[in-house]
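Visitor: I'd like a quick tour of the charges and contacts in this model. Can you walk me through it?

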Amino acid sequence: MIFRATVTAFFSIIGLPAAALCSGDGFLEGLEPQAAARLQASAEATPYGNGLIWDATKGNKNIHLIGTMHVYDPQLEPIRTAVKDKVTNADLLLVEATAKEEKQLQDLITTQPDILFITDGPTLPDRLDEETWEMIAEAASARSVPGFLAAKMQPWYLSMLLSVPPCAMQGIATGDRGLDHMIMQDATEAGVSMQAVEPYNTLFEIFQSDSVDDQLDMLRANLMAPEEQEKVFVSMFDRYFEGDIATLWEMSKIAIGDDQEAEAIFEEATEALLTGRNRNWMPIIFDAADTHDNLVVAVGAAHLIGEEGLLQFLADDGWTIERVQ
């Protein structure tokens, strides 16, 4: 499905330890007044669209929900401090992937390298015209991925890398990771048990579900000019740290395109990467709440908002929702 990897950047599920080194004007500052007004109206209508830290209560049960970002930025440290007591006093921490799932994923990649790399058959230069491949190779090189390596990457995997602007890739070498891992580190030190809300290979299965031709279309679509990608990331980080997740989300729709095809593609990606996963997570969360009085759920911030967000699902089940920050 084309544009899926571009959408991934807005879902912030890439998982790369990239520092927020992008700077300058953001995407939102360049919007036409009419587009800006539509964005604001949609954001304001989004349930639970503002906030990063929430409490849900039902009887003597408490669920603390934290909207995380999977990439690193020093501004995450105050958020980590704000939630540390909740995390270290929790009966159980639910996250998208614990160290166990990460190890399983690493083992899978080690034993089945064809998940990420083309190990048999034509490589990407063989499947693409020369001009397109040269553009892709140049974009990969700008992200410190040499052409010979990019040529052997599965199209969806290279698309995911190209959806991150070069300015954000510069932080990979630091080894710093996002709020999820900060929270897991605090939980580990406090002896708090952890559990994943989904199987370790969920995202891989989503990305691999597209045909090779669709993945190649996706790869071509991610040849966005680096300066435009940088503007998107600047606004993404700005809105996250303002707790304005609804605006971040609505921005992603506009950035991808405003025609009917782009809208349909975005809705399909939303179902695959966000709302479908939310629905699958809710039984896990409810089961955990049945057996634990004090629960922390730390997942990507986009999963909390909207009519099919975790907060709305909890409210529909009779939980009282209160914004903390």
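Guide: Sure, starting with Asp244: at 11% relative accessibility, Asp244 counts as buried, where buried means under 20% relative accessible area, exposed over 50% and partly exposed in between (1.4 Å probe, protein chains only). Before we go on, this is a predicted model, where local features need pLDDT of at least 70, side-chain atom pairs count only at pLDDT 80 or more, and totals for chains, interfaces and linings use all residues. Residues are numbered from 1 along each chain as its sequence is written, and side-chain values use heavy atoms, with hydrogens and water left out.

Visitor: Which residue forms a salt bridge with Asp244?

Guide: A salt bridge here is a side-chain nitrogen of Lys or Arg within 4 Å of a carboxyl oxygen of Asp or Glu. The closest N and O atoms of this pair are 3.2 Å apart. The partner is partly exposed at 22% relative accessibility, and its name is Arg239.

Visitor: Which residues are joined into one network by salt bridges that share partners?

Guide: Take Arg80 and Glu77, which form a salt bridge with their closest N and O atoms 3.9 Å apart. Both sit in helix H3, three residues apart, about one turn of the helix; helices (H or I, at least four residues) and strands (E, at least two) are DSSP runs, numbered from the N terminus. Arg80 counts as buried at 16% relative accessibility, while Glu77 counts as partly exposed at 32%. Through shared partners, the network joins Glu77, Arg80 and Asp186.

Visitor: How many residues apart in sequence are the parts that Asp317 and Lys58 tie together?

Guide: The side chains of Asp317 and Lys58 meet in a salt bridge, 3.1 Å from N to O. Asp317 lies in the loop between helix H16 (310-316) and strand E6 (320-323), and Lys58 is in strand E1 (residues 53-58), so the pair ties together parts whose separation in sequence is 259 residues.

Visitor: Is Leu76 buried or exposed?

Guide: Leu76 is found in helix H3 (residues 76-88). Its contacts (heavy atoms within 4.5 Å), not counting residues up to four places away in sequence, include Met69, Tyr240 and Phe241. With a relative accessibility of 0%, Leu76 counts as buried.

Visitor: How far apart are the C-alpha atoms of Leu76 and Leu179?

Guide: Leu179 is among the residues that Leu76 touches. The two are 103 residues apart along the chain, and their C-alpha atoms are separated by 6.4 Å.
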